[in-house]
Amino acid sequence: MADLIIKGGTVVNATGTAEADVVIDGERISALLAPGVADSIGIDGNASRVIDATGKYVIPGGIDAHTHMQLPFGGTQASDTFETGTTAAAWGGTTSIIDFAVQKYGERVEDGLGHWHELADGNCAIDYGFHQIIGGVDEESLKAMETLVDEGITSYKLFMAYPGVFYSDDAQILRAMQKARERGLLTMMHAENGPAIDVLAAQLAESGKTAPYFHGIARAWQMEEEATHRAIMLSDLTEAPLYIVHMSAKQAVEQVAWARDKGKNVFGETCPQYLYLSLEKQLGARSEEWGDFEGAKWVCSTPLRSEEEGHLEAMWQGLRTNDLQMVSTDHCPFCMKDQKELGRNDFRAIPNGIGSIEHRVDLLYQGVVDGRISLPRWVELISTTPARMFGLYGRKGVIQPGADADIVVYDPNGHTSIGVGKTHHMNMDHSAWEGFEIDGHVDVTISRGTVLVEDGRFTGTKGHGRFLKRDLTQYLV
Ligand code: DUC
Ligand code: ZN
Ligand code: ZN
């Protein structure tokens, strides 16, 4: 009769909670039943499998809308492959990712996208979609943007940072936004003033300030606030909706709040590292093994910011007030050995990025335990809003009949220790989250009706994950 019933749990959607049994047929949810109904109509005895979720939350699988598997960066590439990264994601309760296909400067967009399919197709343990990085805005790439929607790619990313690598100037941004407005694409922006940052970074390095800590000093909050404001004004002019990625400065969030109060279609994303980790605590760290260089583990852009200056608190507040709508990881792992080490003598050569894909669902749940967000808001942040923002809602992001059976059984009485050493499944020789203790645990992860993780074992396979052709953002209609 049914293939799988998840029984006795509390179903949590973004709209609230309900005691219900979830019935799954094939890859989809077929029914939600009030407690006792499955028994009384006899589905229960006939189901191929019953998972007991008594005392646990049954939530839609996490959607991490900002990941960088195998991103070429700083003379190396992000250390997770699509296989290792999506396997780690499943361990942590994430059942879909949206990764960034890269068009490098001088490369055709179609070729960059084709390469990304070669890397991902057949290798993912969970479903995956792509945003498109446009690394060089010119006549050819503007033309290529016209067909992205047909490929199921409804969002693209520009960089106001990284001159000489991914950087776009204001004229290029304006032209890309005009094209995005025409085609319905959502513009995602890395909003930091790259040219000014590079001057500051060079001045610091030349005066002998080469430790990882100075990465955070060079990438001052003013650089994020200014770029965020400039992106908002260009979006306003072109009427192209705007999504600012990985926000960490409270002043930049104020810019987004200002734009939203004026009714503009501007959205903001932050990441777990900007909620929990700080410039003084992590980048000021010392260890016997790495000395001053320990801080390289936390070199990412935008940078970790000062807790004393109130940036971390402002991110939590933005999530409460909905001035920030999204929490993605910006998962971009690099090992210390041979990768972060490249910048041992100069922070400018440290590849930028932190690996968190396995921990996002847990880290946000800790926000519920700590009284910072509600249970439904947790689900909204980890799953429902990413689904709506990036054209997946209905299929993903909700537990309801007809939706894909992407489901996590989460134990609020369980515990997750992100201990020292290899207590995670990401392809990294360290963890940015070492020592974190979470008052909750991902017990079971299910993707389209297939159990990927249970009883502390991974039972999924690479190649299970399918490419997600996405609709236009559902946030504007
Ligand atoms: N920031 C990072 O930390 N890593 C990858 C690219 C980016 O913008
Ligand atoms: Zn970025
Ligand atoms: Zn990124």
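This briefing walks through a ligand site, a few loops and two helices of one protein model. The model is predicted, so local features need pLDDT of at least 70 and side-chain atom pairs count only at pLDDT 80 or more, while totals for chains, interfaces and linings use all residues. Residues are numbered from 1 along each chain as its sequence is written, chains are lettered from A and ligands numbered from 1 in the order in which they are written, and side-chain values use heavy atoms, with hydrogens and water left out.

**Around ligand 1**

- Twelve names are worth finding first: ligand 1 has Leu 71, Phe 73, Phe 159, Tyr 162, His 190, His 246, Cys 300, Ser 301, Asp 330, Cys 332, Asn 352 and Gly 353 around it; a residue is listed if one of its heavy atoms lies within 4 Å.
- This shell is made up of 6 nonpolar, 5 polar and 1 charged residues. Here Ala, Val, Leu, Ile, Met, Phe, Trp, Tyr, Cys and Pro count as nonpolar, Asp, Glu, Lys and Arg as charged, and the others, Gly among them, as polar.
- Oxygen atoms of ligand 1 have polar side-chain atoms beside them: one of Tyr 162 at 3.3 Å and one of His 190 at 3.0 Å.
- On the backbone side, a polar atom of Asn 352 lies 2.9 Å from a nitrogen atom of ligand 1.
- The protein buries 99% of the 240 Å² that ligand 1 exposes when taken alone; these areas come from the Shrake-Rupley method with a 1.4 Å probe, and for residues only the protein chains shown count as cover.
- Ligand 1 sits in the largest cavity. A cavity is a set of points, on a 1 Å grid over the protein atoms alone, where a 1.4 Å probe fits but cannot get out, and a molecule sits in it if more than half of its atoms lie within 2 Å of its grid points.

**The loop between H12 and H13**

- Lys 297 belongs to the loop between helix H12 (279–283) and helix H13 (311–321); helices (H or I, at least four residues) and strands (E, at least two) are DSSP runs, numbered from the N terminus.
- Lys 297 counts as buried because its relative accessibility is 7%; buried means under 20% relative accessible area, exposed over 50%, and partly exposed in between (1.4 Å probe, protein chains only).
- The side chains of Lys 297 and Glu 294 share a polar contact of 2.9 Å, meaning a pair of N or O atoms within 3.5 Å; within protein, one must be able to donate a hydrogen and the other to accept it, and residues adjacent in sequence count only if both atoms are side-chain atoms.
- Thr 302 is also in the loop between H12 and H13, and a cis peptide bond with omega of about 0° links Ser 301 to Thr 302.

**Helices H13 and H14**

- Thr 321 is in helix H13 and is partly exposed, at 43% relative accessible area.
- The side chain of Thr 321 comes to 3.4 Å from the backbone oxygen of Gly 318.
- Helix H14 (residues 360–369) has 9 of its 10 residues buried, so it is largely enclosed by the rest of the structure.
- Gly 371, just after H14, has a positive phi of about 75°.

**Positive phi outside glycine**

- Most residues other than glycine have a negative phi, and most peptide bonds are trans.
- Gln 70 has a positive phi of about 55° although it is not a glycine, and Gln 70 is buried at 12% relative accessible area.
- Glu 239 has a positive phi near 60°, and Glu 239 counts as exposed at 52% relative accessibility.

Notes:
1 Å grid on protein atoms, 1.4 Å probe; cavity = no way out; pocket = protein on both sides within 12 Å on 5 of 7 lines; lining within 4 Å.
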